[in-house]
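Please open the model in your viewer and keep the selection panel at hand. The stops below are given in the order in which they may be selected.

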Amino acid sequence: MAEKALVDESFSPEQFEEKPHSKWEEWKANFKRRGWILLFILPALIYVIIFCYIPMYGILVAFQNYMPGDQIIGASTQWIGFNNFLTFFSNPNFWEYFTNTFLLCILGFIVGFPLPIIVALLLNSVRSHKVKKGLQILFYAPHFISLVVLVGMLRLLFDSGGLIDQLSIRLGGDANGLKLFLSPEAFRPLFIFSGNWQDFGWSAIIYLAALSGVDPSLHEAAKIDGASRFRRIFSVDLPAIAPTIVMLMILSVGNLMSCGYEKVLLMQTPGNLATSEILSTYVYTFGLIGGQYGVGTAAGLFNSVINVGLLVIANFTSKKISGNGMF
Amino acid sequence: MKKLIIGISVALVWLVASAAFAVLGTNQNTSGDGFVVLTVKEDSVKDYNTMPVFKDLANETGIDVKWIYNTSAQYSNNTDPVGIKGIDAIYHSGFSNLKLYDYGRRGRIVAIDQYLSSMPNFKKILDERKDILEALKSPDGHIYSLPRVEEMGLKAYPNILYLNKKWVKKLIDENKLPAGLTLTEADLKDGLDLSRNEFKGILQQFYANDMDGDGSTSNEVPLSFVTGNWQGNEADLIASFGLPENREHKTIIEDKVTFTFTDEKWFNAVRELATWFNSKLIKATSYTQGDNDFLAKGQDGRYGSFYWWEKNTVLSKELRDDYVIVLPLRNDDDIDPETGKGRRYVGVSNEQEIEKGECVILETCQDKEGLLSYFDKFFEPIYSAQLNYGSIKSGAFLPEKVNGKLIPNDDHGNQSADDFRMKNAPYGVVYLTEKVWEESVEMESRAKQRLEDLKNYVKPYSYENAKAIPNLNYTQDELVTLNVYESSLSNNVKSWYVTSVTNGGIPSKESWQNFLNTNKGSIEKVLEINQAAYDRYLAATQDK
């Protein structure tokens, strides 16, 4: 008891208050000493504010009868509530565009997401350094081909009169050849596989970087335990890059409904419209070219809301299942 | 540390400064007297400021106009051309009905009808021609743009079928004409009379044989067209099944706005086209190519037959005599008991001879009366003709009139008539009507030739009671509804049609009926709005 009382006496409240122990004080002291490091995030912050946050006020256009030159907030603004959304949802093709977008993106994701992981794991297991580097360059070179050139190549190969068309005729297939660019069924495979061919090597880089961080001693220990190469991929490599995979998956899910319109537009023909008209091409043709900026923005906003919803769901699920998440 | 801060500050200053310059850079220099008019033209077209016709206009009116220009690519990238600083008007604005109305009711472009007192020519036109007045009115009753009126009667029938007579002659010589068809060399002249099945038989021979004699049978194109193009499309081939088809599948029959694709004859035509496609008589390129690709291929003589509105632009000089005009194909399923032969039909296109949106005046213009009185001169025949074909002083017309009429000069040295016109004619706001052609301006010889061809080989077979849809005047609600339903419907029709023809099978009746059922709502809405607008048009143009 006496000991305790002694301690209590030495502890005066005044002394406590003088010491810079509150979080705020600590932060201030820390900032004084190392605050300049924060300057490094300044360019990124400015970029995000200028290009991501400031333009966001444009969302208001979705609730207006807007045309360029109008003030977005001002006396001349014509507010029309949710009319643009109603116009968009009442489009008889709305569900078709929605399904097309969803299928194109989800199928692209199912094929495109695991591919770089597999490639990275395989590349990582290649023994010869030279072969590994060579393959890596070979895989990511297509990434640098521009979209227009890529679609040009696709047309040379798969359009009527193209290589595949000619080959199928010569090989005694359908006398009329394979007009893949006119076929709604061929659009998705062409789009997805060409996109993955172009990007699987590039996307594998981030996994390769994660794999290079795997402690070699883990592999050695596994080897001693008699693990095969295949076993080591599953038991050492894959768990090591799991957080990266989860992170990238959440990010991809957040972009699941945005396939981009440029390549789709370039590949669109009157024949494949049944599958190639998606929300973003609708926003482009109806909103930008047709001058219906309000409806276009409403459609774009609808797409973004779905993306945010998917992002939150993916994050929540991943946290529940694996404990990894972004926020 | 200091260096880092300096570095970042310099980068920031540079960013802000370049953004500021970019904003300032879009402002044009507006100093000086006179008007500045933005026009949309390609680099290959001569500078309007040096064109004699504009110099004459300046001398006559005493009004000084400085022309600045955007190429069509630059112009289409500008989402708000009306917002360009320092210009008074936009020539070749190309604004749609909705855009004119949207700009007009925001007070950003001028309601021209309020200045008719300074525009005697335009006022006279509107007084005389109720159809033009109706066509130009926006939903609020105002006129926001100056029109282009070029009435030659050429646009209604934009497809003529041409056949390679050299190839047919080869078939005759080699005894390879399809069974049942007898043709002699003497028959191979303009106005060749064929039924659809006979024509198909000829195309089959074109496909099966090495017609151009290069040792290969694979590069011949039996029949070519550009689907959905305003000219040279396959509408008349479909029309041969007995319906007034045009590229929009929309026409007026006995004052009723009608869709052709809801007619069973249209479905039968699609089935037949699919068999033509499957037998390679029509290549897939007809459904994917643009007009440039189409024209390029015509130059090497690979076409057995093609649809276009004339043959000279399609064929190189040495090939032009090898092709003859085929009369609209006879319908083998609809035999006229009197002649014992199939009947012939062609549809009427909806291409307008009255185009709105050619020129708009901006609200910021300081002297609207002045500028409009200048543009009013464009409607006089002497200026309309020069704007449409090139200045007299640059050699588009002969220097002297004959019987009070301007006579076009056909001799342009090494240049083709098309090239000369492309470089020298500003086009745009003109008023060239039947009366003008009769009294003041002689038509170009090639236009006369085309009219003659149409008169002899196409017009007599026009579907009875079918009319083109005129420029209709919609209310704002109708415009908005049409915008949604018509664009999606036309997408769906295009998609069903092209897929059905090109997917290698033959479309079933069930698939066509499903397609109609799915689009029933849109079809009804679009027809209802168009019918209402057309009824109003009839009331407005007939009463007065």
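Begin by selecting B:W230, which at 25% relative accessibility counts as partly exposed, because the partly exposed class lies between the buried limit of under 20% and the exposed limit of over 50%. Bear in mind from here on that this is a predicted model.

B:W230 sits in the loop of chain B that runs between β6 (221–224) and α9 (235–239). If you display its surroundings, leaving aside neighbours within four places in sequence, you will find B:W230 in contact with B:K155, B:P158, B:R247, B:W309 and B:E351. One of these partners, B:K155, is 75 residues away from B:W230 along the chain, yet the C-alpha atoms of the two are separated by 9.0 Å.

Next, move to B:H249, in the loop between α9 and β7 (250–253) of chain B. What is the sign of phi at B:H249? The phi angle of B:H249 is near 55°, and this is a positive value in a residue other than glycine. As background to this stop, most residues other than glycine have a negative phi. B:H249 counts as buried, because its relative accessibility is 13%.

A second residue to select for its backbone is B:Y427, which belongs to the loop between α14 and β14 (431–432) of chain B. Its phi is likewise positive, near 55°, in a residue other than glycine. With a relative accessible area of 23%, B:Y427 is partly exposed.

From that loop, step back into helix α14 (residues 417–424) of chain B and pick out B:F420. Is B:F420 buried or exposed? At a relative accessibility of 7%, B:F420 counts as buried. Not counting residues up to four places away in sequence, the side to inspect is the set of residues that B:F420 touches, namely B:Y389, B:S394, B:G395, B:A396, B:H412 and B:Q415. For a sense of distance, draw a line from B:F420 to B:T475, 55 residues apart along the chain, whose C-alpha atoms are separated by 42 Å.

Now display two helices of chain B together, α10 (residues 264–278) and α17 (residues 476–502), whose axes come within 7 Å and cross at roughly 45°. That crossing angle makes α10(B) oblique to α17(B). On the α10(B) side, select B:W266, B:F267, B:V270, B:L273, B:A274, B:F277 and B:N278, and on the α17(B) side B:V493, B:W496, B:Y497, B:S500, B:V501 and B:T502, which together make the contact. Colouring these residues by class gives 10 nonpolar, 3 polar and no charged residues in the contact of α10(B) with α17(B).

Continue to helix α18 (residues 509–518) of chain B, where B:W512, B:F515 and B:L516 are buried. Looking down the axis of α18(B), you will find its buried residues within an arc of 100°, so they line one face of the helix. Background for this view is that an α-helix has 3.6 residues a turn, so residues three or four places apart point the same way. Turn to the other side of α18(B), and B:E510, B:N517 and B:T518 are exposed.

Then show both chains and select their interface, in which 35 residues of chain B are in contact with 35 residues of chain A. The area buried between chain B and chain A is about 3000 Å², and carbon and sulfur atoms give 61% of it. Which residues should be highlighted on chain B? B:R106, B:K280 and B:V484 supply 18% of the area that chain B buries against chain A, more than any other three residues.

Finish in chain A with A:R229, in helix α13 (residues 229–254). A:R229 is partly exposed, with a relative accessible area of 34%. Leaving aside neighbours within four places in sequence, A:R229 is in contact with A:S125 and A:R127. A:S146, by contrast, is 83 residues from A:R229 along the chain, and their C-alpha atoms are separated by 38 Å.

Methods:
Residues numbered from 1 in each chain as written. Chains lettered and ligands numbered in written order. Predicted model: local features only at pLDDT ≥ 70, side-chain atom pairs only at ≥ 80, totals over all residues. Heavy atoms only, no water. Buried < 20%, exposed > 50% of the residue type's maximum accessible area, 1.4 Å probe, protein only. Helix = DSSP H or I, 4+ residues; strand = E, 2+ residues; numbered from the N terminus. Arc of directions from axis to C-beta. Axes fitted to C-alpha atoms, helices over the stretch in contact; angles between N-to-C directions. Parallel < 35°, antiparallel > 145°, perpendicular 65-115°, else oblique. Contact = heavy atoms within 4.5 Å. Nonpolar A, V, L, I, M, F, W, Y, C, P; charged D, E, K, R; others polar. Buried area = accessible area lost by both parts, 1.4 Å probe.
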